[in-house]
Amino acid sequence: MSEENKDLGDKAKEAAGDFADEAKKTADEFSDGLNKAVGGGDNKKVLAGVLAIILGSLGVHKFILGYQKEGFILLGASVVSYVLVCFIIGAFLIYIPILIGLIEGIIYLTKSDEEFYNTYQAGKKPWF
């Protein structure tokens with residue numbers, strides 16, 4: 001009977017190992033799918049395009065693509081123009097970062113996935 005118990009134990013260990021491998025594979029697939037769904041995948045075209053249209057004046061899309069310097073430039077231009085609204089000139093300057101974000105968002109969304117990736121993520125083209 002001890003030989004049967006030994007065989008049973010070996011089978012249980014093998015089944016547990018198979019289950020662990022299958023669970024790890026499923027978790028990895030889920031994680032990959034989740035990363036791609038929220039923009040953490042290789043191509044961030046839709047996320048960057050929508051954020052450029054909605055929050056483009058704040059440079060959020062630039063930060064998403066990894067362009068910190070350009071993001072701070074847009075953010076700074078927005079803050080300065082909001083402050084200058086008190087002196088009337090800001091009312092004209094406030095539209096510059098908004099238009100830049102809108103134009104870049106439209107450009108991002110109209111490019112193909114491959115072209116967007118090659119231009120803005122692999123090629124690191126910061127403006128338009």
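**Labels and their cut-offs**

Me: Why is Phe 72 called exposed?
Reply: Because Phe 72 has a relative accessible area of 53%, and exposed means over 50%, with buried under 20% and partly exposed in between (1.4 Å probe, protein chains only). By the way, this is a predicted model, where local features need pLDDT of at least 70 and side-chain atom pairs pLDDT 80 or more, while totals for chains, interfaces and linings use all residues. Residues are numbered from 1 along each chain as its sequence is written, and side-chain values use heavy atoms, leaving out hydrogens and water.

Me: And what makes Phe 63 partly exposed?
Reply: Phe 63 comes out at 29% relative accessibility, so it counts as partly exposed.

Me: How many aromatic pairs does a search of the whole structure find?
Reply: There are 4. One of them joins Phe 63 and Phe 72, edge-to-face.

Me: What makes the pair of Phe 63 and Phe 72 edge-to-face?
Reply: The centres are 5.1 Å apart, with 80 degrees between the planes. Rings of Phe, Tyr and Trp (its six-membered ring) pair if their centres lie within 6.5 Å; planes under 30 degrees apart are stacked, over 60 edge-to-face, and the rest tilted. So this pair is edge-to-face.

Me: Why do Tyr 108 and Phe 116 get the label edge-to-face?
Reply: Their ring centres are 5.3 Å apart and their planes are at 75 degrees, so the label fits. Tyr 108, Phe 116 and Tyr 120 form one aromatic cluster, too.

Me: Are Tyr 108 and Phe 116 buried or exposed?
Reply: Tyr 108 has a relative accessible area of 0%, so it's buried. Phe 116 is also at 0% and counts as buried.

Me: Which residues of helix α7 are buried?
Reply: In α7 (residues 113-122), a helix being a DSSP run (H or I) of at least four residues, numbered from the N terminus, they are Phe 116, Tyr 120 and Gln 121.

Me: How do you know that they sit on the same side of α7?
Reply: They cover an arc of only 85 degrees around the axis, which puts them on the same side. The arc is that of the directions from the helix axis to the C-beta atoms. On the other side of α7, Glu 114 and Ala 122 are exposed.

Me: Why is Ser 57 called buried?
Reply: Because its relative accessible area is 12%, under the limit.

Me: Where does the charged end of Lys 62 sit?
Reply: Over the ring of Trp 127, 4.4 Å from its centre. The rule asks for NZ of Lys or CZ of Arg within 6 Å of the ring centre and within 35 degrees of the ring normal.

Technical notes. Helices (H or I, at least four residues) and strands (E, at least two) are DSSP runs, numbered from the N terminus.
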